[in-house]
Number of protein chains: 2
Amino acid sequence: MRLALIGFGHVGRAFARLLVAKRPVFPFRIAGITTARHGAAFDDRGLPQEPEFGPPVESIEQFLDRARAEVVVELTTLNPATGEPAISHIRAAFARKCHVATANKGPIAHAYAALKAEADRAGVCFRFESTVMDGAPVFNMVRNCLPGVVVEGFTGVLNSTSKIAIDAMREGLTMEEGIRRAQQLGVAEADASFDIDGWDSAAKGAALANVLMDAGTTPLEVDRRGIGRLTTDRILDLMRQEKTIALVTRAKRSGGGVRVRVRAEVLPSTDVLASVKGTSNLLLLHTDLMGTVGTVSISPGVEQTAYGVFSDVVDIARSV
Amino acid sequence: MRLALIGFGHVGRAFARLLVAKRPVFPFRIAGITTARHGAAFDDRGLPQEPEFGPPVESIEQFLDRARAEVVVELTTLNPATGEPAISHIRAAFARKCHVATANKGPIAHAYAALKAEADRAGVCFRFESTVMDGAPVFNMVRNCLPGVVVEGFTGVLNSTSKIAIDAMREGLTMEEGIRRAQQLGVAEADASFDIDGWDSAAKGAALANVLMDAGTTPLEVDRRGIGRLTTDRILDLMRQEKTIALVTRAKRSGGGVRVRVRAEVLPSTDVLASVKGTSNLLLLHTDLMGTVGTVSISPGVEQTAYGVFSDVVDIARSV
């Protein structure tokens, strides 16, 4: 299959390495890459792992028309408040009857129902396994392995920076020191408020609710409180009671809709939700037929995010 | 699709109920059921949820020839030491070019490689999602959602009776009282030694290693120690150190083969392996591309085991 990559940062490079390693079994080739910084590169026979970039394209439309890919892989830097420019890129791909795999949660959190409808009209696949759990099977698991199941709700511990900050406070450090640790690990952005105020958890909650529960919601509609006011004294006091705090994303059906909530929850230290540390994450799905079943991912990194995109492309190849 | 059920106990009845509920979307019908106790029943148009049983069949071969099913669902009571009679039933089904779904771990633990080869020769599918995690996605998840991934090892807390017994000992009760509690919950057999001595964990470990790591092993070859010698005093002493014990099944590649081990392991109380209680279970897969990723199932019961079989039948329908 011919792929076109929009964006070529850490995830894109890891994805390209993975394609080379897996080519004997999975014959995918990258026909084009466009980046904001380095320009664009094209090769019908497949670009090498470290392509040489030429001049930038004038537009995504021009890029897609030249790359003529079957699958567009969207990996740009996201504006999380709007989901752009990823949403526009995905629309341009669907308009050209290209399948899309993206690691950007913004489009799923902000505009899933509309994008899914466009994909269906174009007769193409839309995949996004890496958007919530860094590549661990969630969306593809529900689609492929839980047939006939209704997801009634979910509970997730999905934000790394908050976990690293709380772990640091359990060692007696301040929130600021914990955030700095997350920044040194490359997990938190320079402005960590997106994580600490619960926006990242809200975006992931909206994405999950939109796909698994037809919620038609956005991060702005999530009932959200962060951990900004949490103090080390409070954490140490809870520790003496064998308790801790985690930033938990929950969803449940309520009336005709779906209610998504992000809260700093007090939990027993031995709770499964408290047991995932650092960049690890855990998602429990509450279902009608399969009870409560979930996915846990221990310390994923950029390689796993890239793998999730790869698994999406394989899923597309198997679906067409 | 036409199904034939061998065995009609708790799981079989739950499975039949599920088929009725899901028939509008998944048009499966049960053409025949054979049981050890009640005789056999046949109906080309599909048996009702509570069939009337007639005289028993003379042999499984006769049953299969009369039911003429596309998928044979094997749910008999198992001799865990041999995997029989399920192995013979599955062979008879393959010989008639029937797909097979089973909830019996014995065949997978004792004879997976041979059975898989027979299924491949017959050009049919062999599915067994409910054998290790009571229906939660494990085998189908790896096959469908982790393409190209090599499983390097795994770590699982898979036995319910040992967890219930240890939880009881943490409350100050004796091992015997804990086992009785598991028996009252319907989780442990009258002879709980199969669980306490680690045989159940060894069988699940062998099944996982055979399917996910091509181990070609059996429960007898698993390096196994149970929790029979564990005392309440020891558990309470560990609790004072914020530690606990879990019966853990681990596998890793070693030399040319795969080493599977069952041990009572001392763990921090906050460890993710210690966080699953009662009948809940957790399996972490250690992989080359997706890091450590796992499935958790909270308090599954017979309905979930039946659902796992249902998901297998859907997977077969989608594969053919």
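This briefing covers the contact between two chains, the domains of chain A and a sheet in chain B. The model is predicted. Chains B and A bury about 3,400 Å² between them, and strand β12 of chain A pairs with β12(B) in the antiparallel sense. Within chain A, domain 1 and domain 2 bury about 1,200 Å². Chain B holds an open sheet of 6 strands.

**Interface of chain B and chain A: extent**

- The contact takes 43 residues of chain B and 43 residues of chain A.
- Carbon and sulfur atoms give 65% of the buried area of about 3,400 Å².
- Three residues, B:P147, B:M290 and B:Y307, supply 18% of the area that chain B buries against chain A. No other three residues supply more.

**Interface of chain B and chain A: polar pairs and make-up**

- The rule finds 0 salt bridges across this interface.
- Polar contacts are present: 16 residue pairs across the interface, both residues at pLDDT 80 or more.
- Five elements of chain B each supply at least two residues to the side that touches chain A: α1 (10-22), α6 (139-145), β11 (281-287), β12 (292-298) and α12 (302-319).
- Helix α12(B) gives the largest share of that side, with 8 residues.
- By residue class, the side of chain B that touches chain A has 20 nonpolar, 14 polar and 9 charged residues.

**Strand pairing between the chains**

- Strands of a sheet pair through backbone hydrogen bonds, either parallel or antiparallel.
- Here strand β12 of chain A (residues 292-298) and β12(B) are antiparallel, over 7 bridges.
- One partnership can be picked out in the structure: A:G294 has B:V296 in β12(B) as its bridge partner.

**Domains of chain A**

- Domain 1 of chain A takes in residues 2-135 and 302-319, while domain 2 covers 145-297. Domain 1 is thus given as two segments of the chain.
- The centres of the two domains, taken over C-alpha atoms, are separated by 27 Å.
- Domain 1 of chain A brings 11 residues to the contact and domain 2 of chain A brings 19.
- Of the area of about 1,200 Å² buried between these domains, 72% is on carbon and sulfur atoms.

**Polar pairs and make-up between the domains of chain A**

- The rule finds 1 salt bridge across the interface of domain 1 and domain 2 of chain A.
- The side chains of A:K105 and A:D200 form a salt bridge, at 3.3 Å from N to O.
- Between the two domains there are 4 residue pairs in polar contact, both residues at pLDDT 80 or more.
- Helices α4 (105-122) and α5 (130-133) of chain A each supply at least two residues to the side of domain 1 that touches domain 2.
- Helix α4(A) has the largest share of that side, 5 residues.
- The side of domain 1 of chain A that touches domain 2 divides into 7 nonpolar, 2 polar and 2 charged residues.

**An open sheet in chain B**

- The strand order is β3-β2-β1-β4-β5-β6 (chain B), and the pairing is mixed.
- Strands β3 (39-42) and β6 (126-127) of chain B are the edges, each pairing on one side only.
- Strand β1 (residues 2-6) of chain B runs parallel to strand β4 (residues 71-74) of chain B, with 4 bridges joining them.
- B:L3 stands opposite B:V71, a residue of β4(B).

Definitions and conventions
Residues are numbered from 1 along each chain as its sequence is written. Chains are lettered from A and ligands numbered from 1 in the order in which they are written. This is a predicted model: local features need pLDDT of at least 70, side-chain atom pairs count only at pLDDT 80 or more; totals for chains, interfaces and linings use all residues. Side-chain values use heavy atoms; hydrogens and water are left out. Contact means heavy atoms within 4.5 Å. Buried area is the accessible area (1.4 Å probe) that two parts lose on being put together, summed over both. A salt bridge is a side-chain nitrogen of Lys or Arg within 4 Å of a carboxyl oxygen of Asp or Glu. A polar contact is a pair of N or O atoms within 3.5 Å; within protein, one must be able to donate a hydrogen and the other to accept it, and residues adjacent in sequence count only if both atoms are side-chain atoms. Ala, Val, Leu, Ile, Met, Phe, Trp, Tyr, Cys and Pro count as nonpolar, Asp, Glu, Lys and Arg as charged, and the others, Gly among them, as polar. Two strands pair if DSSP finds at least two bridges between them. Domain bounds come from an automatic or database domain assignment.
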